[in-house]
Amino acid sequence: MAETTNNRTECEAKLTNHGDFSESSAEQGTGGDSSEGKTDSGPSGYSSEGKADSGPGGYLSEGKAERGTVSYSFEESTPSLVSEALAEYAVSRQQGEYTLEDYLAWPEEQRVELIDGVIYDMAAPTYIHQAIGDRICWCLANFFQKNHGSCMAFTSPVDVQLDCDDRTVVQPDVIIVCDRDKFRKGRIYGAPDFVVEVLPPSTSRKDKFLKLSKYRRAGVREYWLTDPDRKKVMVYEFEKSDSAKIYGFSDRVPVGIYNGECQVDFAEIYRQIAFLYDTM
């Protein structure tokens, strides 16, 4: 837990010095997966070895995941969508060299994320993906309203300058931000308190491994990986453990940062959207 605390302290120091960016890259961290004492070594692959495809959005050439370690190597060539955008943008940079300035100048019709200087294409979400994210956000916002809380919930696209530097800008599907000093120039500057990613097939490995590590090290307190295909929710409470609790779409999932006082009823969410599965 010390890494998370130290990273949050460093980011808070940068918040004090407005516009003070660092060029350091975040290292890869740990990511375990357990379901109340059980370890999942199935399709999610959190404790198994695997290679990431280099298809749309899959910019990892190899990804090896073991309990306690995550390592990556990036392909030198970018997929076609990014290559086309690079040509239009008319900049000659290698993956790993892009900055916030490049990100902000990127063609608006293509959604991308910037992680440690690498540009990742973001495929358009399906309506199942959007419906789940919207309903989670509505549940959180309703809880804040009823309890007159100062925290705010947002759905993507909202730019999050996760590491308080100019090399990483992500767009999580749902976030909670409680520190209002982090709202700056239309972006979130620093780690949200709570993040949800709804897994699309094309970038699921990025969310499961790379972003899991980035969020943990940046100081995100709680991270949910919601898998519409497997109908599972993997909940990481980083302040308590690096392992995940696994819930199904028949469960009420407690929000750990509120000690379970706020719960998201996935059974009700699934009841509302089940018909969409028959249309895919």
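This passage describes the fold, the cysteines, one helix and one small sheet of a predicted protein model.

The mean pLDDT of the protein is 77, and 66% of the residues reach at least 70. Confidence is below 50 over residues 18–80. Even so, that stretch has 150 contacts in the model beyond near neighbours in sequence.

The protein holds six helices and 18 strands. Of its 280 residues, 52% are buried. Contacts between residues at least 6 apart in sequence were also examined. Among these, 57% join residues at least 24 apart. The accessible surface is about 13200 Å². Carbon and sulfur atoms account for 48% of that surface.

The cysteines were considered next. A disulfide is a covalent bond between the sulfur atoms of two cysteines. One disulfide is found in the whole structure. Its partners are Cys151 and Cys178, whose sulfur atoms lie 2.0 Å apart. The torsion about their S-S bond is about 105 degrees, so the disulfide is right-handed. Cys151 sits in the loop between α4 (127–146) and β8 (152–155). Cys178 sits in the loop between β10 (174–177) and β11 (183–184). The bond therefore ties together parts that are 27 residues apart in sequence. The two partners fall into separate classes of exposure. Cys151 is buried, because its relative accessible area is 14% and the cut-off is 20%. Cys178 has a relative accessible area of 22%, so this residue counts as partly exposed.

Other cysteines do not bond in this way. For Cys137, the closest cysteine sulfur belongs to Cys139, at 9.8 Å, which is too far for a bond. Cys137 is buried, with a relative accessibility of 9%. Cys262 is in no disulfide either. Its nearest cysteine sulfur, again that of Cys139, is 4.7 Å away. A disulfide requires sulfur atoms within 2.5 Å, so 4.7 Å does not qualify. Cys262 is buried too, at 2% relative accessibility.

Helix α4 leads towards the loop that holds Cys151. This helix has 20 residues. From its first C-alpha to its last, α4 reaches 28 Å, close to the 28 Å expected at 1.5 Å a residue. Many of its side chains can be followed by their burial. Buried residues of α4 include Ile128, His129, Ala131, Ile132 and Gly133. Further along, Ile136, Cys137, Cys139, Leu140, Phe143 and Phe144 are buried. An α-helix has 3.6 residues a turn, so residues three or four places apart point the same way. The buried residues of α4 pack against four strands and a helix among their neighbours: β8, β10, β13 (194–198), β14 (222–227) and α6 (266–277). They also pack against β18 (263–265). Just after α4, His148 takes a positive phi of about 55 degrees.

A small part of the strand content was traced in detail. Three strands form an open sheet, in the order β9-β12-β11. Their pairing is mixed. Strands β9 (160–161) and β11 stand at the edges, and each has a single partner strand. One side of each is therefore left without a neighbour in the sheet. Strand β11 is also one border of the loop that contains Cys178. Two bridges join β11 to β12 (residues 187–189), and these two strands run antiparallel. In one of the pairings, Arg184 has Arg187 of β12 as its bridge partner.

How values were computed: Residues are numbered from 1 along each chain as its sequence is written. This is a predicted model: local features need pLDDT of at least 70, side-chain atom pairs count only at pLDDT 80 or more; totals for chains, interfaces and linings use all residues. Side-chain values use heavy atoms; hydrogens and water are left out. pLDDT is the predictor's confidence in each residue, from 0 to 100. Contact means heavy atoms within 4.5 Å. Buried means under 20% relative accessible area, exposed over 50%, partly exposed in between (1.4 Å probe, protein chains only). Accessible areas come from the Shrake-Rupley method with a 1.4 Å probe; for residues, only the protein chains shown count as cover. The expected span of a helix is 1.5 Å times one less than its number of residues. Two strands pair if DSSP finds at least two bridges between them.
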